[in-house]
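Student: I have a structure to look at. Could we go through it in questions and answers?

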Amino acid sequence: MRDVTGKVAFITGGGSGLGFGMAQAFCAAGMKVVIADIRQDHLDQALEHFARIGKPRSVHPIRVDVTDRKAMAEAADETESVFGRVHLVCNNAGINLFNDIAAATYDDWDWVLGVNLGGVVNGVHTFIPRLRKHGEGGHIVNTASMASFISGPNAGIYTCAKFAVRGLSEALRFSVAPLGINVSVVCPGLVDSAIYESDKVRPSHLASTSGPMDTQFMTRLAELHHRAGMTPLEAGEKVLRGILRNDFYIFTHPEFKEELREIFDEALAALPTETPPKERLAFEDHRRALKMQARATWKNY
Ligand SMILES: NC(=O)c1ccc[n+]([C@@H]2O[C@H](COP(=O)([O-])OP(=O)(O)OC[C@H]3O[C@@H](n4cnc5c(N)ncnc54)[C@H](O)[C@@H]3O)[C@@H](O)[C@H]2O)c1
């Protein structure tokens, strides 16, 4: 999107952290913003902020759980009736669970994948037909993480969901580019947020978990986010810049260059070295040519 002024954004998880940072950046750029969040206290805090800076009418709060498909459709209807057509959809709501993936329960899997991946699926499914219908173009921004490239001993289900959000976003941009809809994936590092409080929004029907939470670790995690995390506003402004430039990857943190290089170097070094048969090479060349042809037609609307 070259110009966001007067356009409407819908941000899930918009009441806190990165989503709130995006809401601030979008509002400052003249957008009307729906802040959709499961936590009423986060919605209230966000609204207080916008009232304080004299922009109460630029934002509209909707309490919604992104895993509830019917509620997401109702939130989209409410957005259109309050602000009109939506142009920018940020599927950002996320939670984290710091446990050992090998010991995880089905409830752990269902909750973490349900919000972090299912929430993005539901946002895409809810809004693509609406963007398509108004035909004015639009932009979908999915929040992944540096954990969509980098894994470690902690937060394995989260990592799994974030890799999937990156894959979903890459595939989606091919599907929707011909409709005038662009796609970005946001991959932040540490942001000052309340994600360490995720347990507060864990639903009771998915409560069975592998072990008690390590409260000391969670306290250190909270302290780390506040002390070392990027401010949500800085991260939100970088997201806005990426949207205006139509970047597919929106990286907010510069400190991952070497680790990304290590990951890709390891993958490249693991590729077999023999010459592939001609037929297979021709197939892959053809596939890549089609992909490049499609990409050459993409525009920033
Ligand atoms: N904080 C970080 O260091 C960091 C790093 C990389 C990626 N991220 C990603 O950024 C996104 C935003 O997280 P954050 O760090 O700003 O945390 P946050 O907790 O401050 O904000 C997330 C918001 O999502 C809401 N939410 C949670 N479950 C929901 C649900 N089912 N339906 C609707 N809303 C729900 C929460 O109430 C909260 O307001 C997440 O996708 C997260 O994975 C965060």
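Student: By class, how many residues in the shell around the ligand are nonpolar, polar and charged?

Tutor: This is a predicted model. Sort the shell around the ligand by class. Three residues are charged, 14 are polar, and the nonpolar ones number 13. In the order you asked: 13, 14 and three.

Student: Which residues come nearest to the ligand?

Tutor: The ligand has 30 residues around it. Helix α1 (residues 17-28) gives the largest share of that shell, three residues. The ones that come nearest are G13, S16, G17, G94 and S193.

Student: Which element of the protein chain has the lowest mean pLDDT?

Tutor: The chain as a whole averages a pLDDT of 96, and 100% of its residues score at least 70. Strand β1 (residues 8-12) has the highest mean among the elements, 99. The lowest mean is 94, and it belongs to α6.

Student: How far apart are the end C-alpha atoms of helix α6?

Tutor: Helix α6 covers residues 215-228, which makes 14 residues. At 1.5 Å a residue, the expected span is 20 Å. The model agrees: the ends are 20 Å apart.

Student: Does α6 lie largely in the open or buried, and why?

Tutor: A residue is buried if 20 or more other C-beta atoms lie within 10 Å of its own. Across the protein chain, 38% of the 301 residues count as buried. In α6 the number buried is zero, so this helix lies largely in the open.

Student: What is the radius of gyration of the protein chain?

Tutor: The chain has nine helices and seven strands. For 301 residues the globule rule gives 19 Å, and the chain comes close to that, so it is as compact as a globular protein of that length. Its radius of gyration is 20 Å.

Key:
Residues numbered from 1 in each chain as written. Predicted model: local features only at pLDDT ≥ 70, side-chain atom pairs only at ≥ 80, totals over all residues. Helix = DSSP H or I, 4+ residues; strand = E, 2+ residues; numbered from the N terminus. Expected span 1.5 Å × (residues − 1). Buried ≥ 20, exposed ≤ 12 C-beta atoms within 10 Å, placed from the backbone. Near = placed C-beta within 6 Å. Nonpolar A, V, L, I, M, F, W, Y, C, P; charged D, E, K, R; others polar. pLDDT = per-residue confidence, 0-100. Rg over C-alpha atoms; globule rule 2.2 N^0.38 Å.
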